[in-house]
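Colleague: I am new to this structure and would like a close look at one part, its strands and how they are held together. Please also say which charged side chains meet.

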Amino acid sequence: VIVTPSGSDATLVAIDRQSGEVNWKTKVPQNEEAGYASMIIGSFSGMKQYISFLGSGLAGIDPSNGTVIWESNTIKGNSQTTPVSHDGYIYHSAGRVGGSLIKLEQTSNKVTTREIFSGTKAPKAMGGYVLLSDHVYGSGGQTMMCMNFKTGEIVWEERALNGSNICYADGLFYLHGQNGDLALAEANPKGYREISRFTPTGQAD
């Protein structure tokens, strides 16, 4: 079990799920504070790693011993949304800051990061986002949007539910809007295509 207590001594800790014993703990030098985003598992150059979006940026951690493989501080603060990773690229965002795509690169015996793009107009709100093929779908705050994963180009944008939480299954998006509505929409890079929508009864004022 991997947890993020944060602090100068143990930013991340690996705990044996059977005994509760600490397997390792590690300090992330430039990024000691915890964030709100969930950790993900990724890989680069055949190496598995934990990717943690902490209070001041991203960090890649060796699962076997907690060694910090790399750090990136292109996005700092309000780290609520879980990053998405594919083919050595990692997209992450923070509410009022914006979104950023970084690329992991192998330099001799060291892994470094390079920012591909960053901007305030991007999927970045608390409802999260979904990576499908070459596109990231999510809320930019007041709108739903589709963004090209590797260029940052906004392919389409729709006010729809004034932004929403997003889940994906069977080619469809299940959306829970900030206005309380629930909607079903196609997962389509050509545009926002809503199939149905309803307002649940008994909602609080």
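Modeller: What follows starts with one sheet, then turns to the hairpins and the salt bridges.

This is a predicted model, in which local features need pLDDT of at least 70 and side-chain atom pairs count only at pLDDT 80 or more, while totals for chains, interfaces and linings use all residues. Residues are numbered from 1 along each chain as its sequence is written, and side-chain values use heavy atoms, with hydrogens and water left out.

The sheet is open and has four strands in the order β16-β17-β18-β19, paired antiparallel. A strand here is a DSSP run of E with at least two residues, numbered from the N terminus, and two strands pair if DSSP finds at least two bridges between them. The edges are taken by β16 (164–169) and β19 (194–198); each has a single partner strand, so one side of each is left without a neighbour in the sheet. On average, neighbouring strands of this sheet are turned by 20° against each other, direction ignored. For that angle, axes are lines fitted to C-alpha atoms, and angles run from 0 to 180 degrees between N-to-C directions.

At the β19 edge, strand β18 (residues 182–186) is joined to β19 by four bridges, and the two run antiparallel. Leu182 has Phe198 in β19 as its bridge partner.

The strand β19 also brings in charged side chains. Arg197 and Glu194 meet in a salt bridge, at 2.9 Å from N to O; the term means a side-chain nitrogen of Lys or Arg within 4 Å of a carboxyl oxygen of Asp or Glu. Together with Asp181, these two residues are linked in a network of salt bridges. Arg197 is partly exposed at 37% relative accessible area, and Glu194 is partly exposed at 32%. On this scale buried means under 20% relative accessible area, exposed over 50%, and partly exposed in between (1.4 Å probe, protein chains only).

The hairpins show antiparallel pairing elsewhere in the chain. Strand β2 (residues 12–15) is joined to strand β3 (residues 22–26) by four antiparallel bridges, with Leu12 opposite Thr26 in β3. Six residues lie between these two strands, and in this hairpin Gly20 takes a positive phi near 85°.

Strand β5 pairs with two others. With strand β4 (residues 40–44) the antiparallel pairing runs over five bridges, and Ile41 has Tyr50 in β5 as its bridge partner. The hairpin of β4 and β5 has two residues between the strands, and Ser45 in the turn has a positive phi of about 55°. Five antiparallel bridges also join β5 to strand β6 (residues 57–61), where Leu54 has Gly57 as its bridge partner. A hairpin of two residues makes that connection. Six of the eight residues of β5 (residues 47–54) are buried, so this strand is largely enclosed by the rest of the structure.

Over the whole structure the search finds six salt bridges. One of them joins the side chains of Asp87 and Lys150, at 3.7 Å from N to O. Asp87 lies in the loop between β8 (84–86) and β9 (89–94) and Lys150 in the loop between β14 (144–148) and β15 (154–158), so the pair ties together parts that are 63 residues apart in sequence. Asp87 is exposed at 56% relative accessibility, whereas Lys150 is partly exposed at 34%. Glu105 and Arg114 also meet in a salt bridge, at 2.7 Å from N to O. Glu105 is partly exposed at 24%, as is Arg114 at 39%.
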